[in-house]
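Me: Please take a close look at a single part of this chain and tell me what is there. I would like the cut-offs behind each term as you go.

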Amino acid sequence: MSERIKTYKEFYQFYLTEHSKMGTRIFHFIGTLLIFVVIGYVISSGKERFLWYIPIFGYGFAWFSHALIEKNKPATFKYPIWSLISDFRLFFELLIGKQKFTGIPAKKPVE
């Protein structure tokens, strides 16, 4: 991917191909779920010191899955805002069944 993606619609299609394996989707889902757990805990307990777990869970689970399962570079490095939005979008689409954990076949690069 040498050119920058210009629209979010195009980006999300790219994002889905970069998250094509079931393990990657599961790790992203768990990481995002843990973010909500931490936020809920902080709100209910008033212990803001636990907020630092959010980037550890969010990025840790995601980057682990990209390195060891998907074997690609997270889009976060090139498209940080769109990636963050897409992480939450994928989470909720998995939650309601619009997306499947089984993923989609990755597109092969055009040669």
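Reply: Helices and strands here are DSSP runs, numbered from the N terminus: a helix is a run of H or I with at least four residues, and a strand is a run of E with at least two. The model is predicted, so local features are taken only where pLDDT is at least 70 and side-chain atom pairs only at pLDDT 80 or more, whereas totals for chains, interfaces and linings use all residues. Residues are numbered from 1 along each chain as its sequence is written, and side-chain values rest on heavy atoms, with hydrogens and water left out.

The part to look at is helix 4, which covers residues 80–96. Its surface side comes first. Phe-36, Ile-39, Ile-43, Phe-92, Leu-95 and Ile-96 make up a nonpolar surface patch with a combined accessible area of about 610 Å². Helix 4 and helix 2 (22–45) each contribute at least two residues to this patch. A patch takes in residues with over 30% relative accessible area and no salt bridge; nonpolar side chains (Val, Leu, Ile, Met, Phe, Trp, Tyr) are joined within 5 Å, and like charges within 9 Å. The areas come from the Shrake-Rupley method with a 1.4 Å probe, and for residues only the protein chains shown count as cover. One of the patch members, Leu-95, sits in helix 4. Leu-95 counts as exposed because its relative accessibility is 51%; exposed means over 50%, buried means under 20%, and partly exposed is in between (1.4 Å probe, protein chains only).

Other positions in helix 4 are covered. Leu-94 belongs to helix 4 and is buried, at 7% relative accessibility. Its C-alpha atom is 7.9 Å from that of Phe-29, although 65 residues separate Leu-94 and Phe-29 along the chain. Phe-91, also in helix 4, is buried with a relative accessible area of 4%. Phe-91 and Ile-26 are likewise 65 residues apart in sequence, and their C-alpha atoms are 9.5 Å apart in space.

Next come the charges. A salt bridge is counted when a side-chain nitrogen of Lys or Arg is within 4 Å of a carboxyl oxygen of Asp or Glu. That rule gives two salt bridges. In one of them, the side chains of Arg-89 and Glu-93 meet at 2.9 Å, N to O. Both residues are in helix 4, four residues apart, which is about one turn of the helix. In the other, Glu-93 pairs with Lys-98, with 3.8 Å between the closest N and O atoms. The salt bridges link Arg-89, Glu-93 and Lys-98 into a network. Cover differs along this network: Glu-93 is buried, with a relative accessible area of 7%, Arg-89 is partly exposed at 32%, and Lys-98 counts as exposed at 56%.

Ahead of helix 4 is the loop that follows helix 3 (53–70), and Lys-73 lies in this loop. Lys-73 is exposed, at 61% relative accessibility. Together with Arg-4, Lys-6 and Lys-78, Lys-73 gathers in a surface patch of positive charge. For such patches Lys and Arg count as positive and Asp and Glu as negative, while His and the chain ends are not counted; each charge is placed at NZ of Lys, CZ of Arg, CG of Asp or CD of Glu. The loop also holds Lys-71, which is exposed with a relative accessible area of 63%. Lys-71 has a positive phi of about 60 degrees, although it is not a glycine. Most residues other than glycine have a negative phi.

Last, the earlier part of the chain, as background. An unreviewed UniProt entry places the feature "transmembrane region" at residues 26–44 and 50–69; UniProt positions are given in the numbering used here, feature names are shortened, and annotations may be inferred rather than shown by experiment. In the model, residues 26–44 are 100% helix and 0% strand, with 27 Å between the end C-alpha atoms. Residues 50–69 are 85% helix and 0% strand, with end C-alpha atoms 28 Å apart. Gly-31, in helix 2, is buried at 1% relative accessibility. Its C-alpha atom lies 8.7 Å from that of Ile-54, 23 residues away in sequence.
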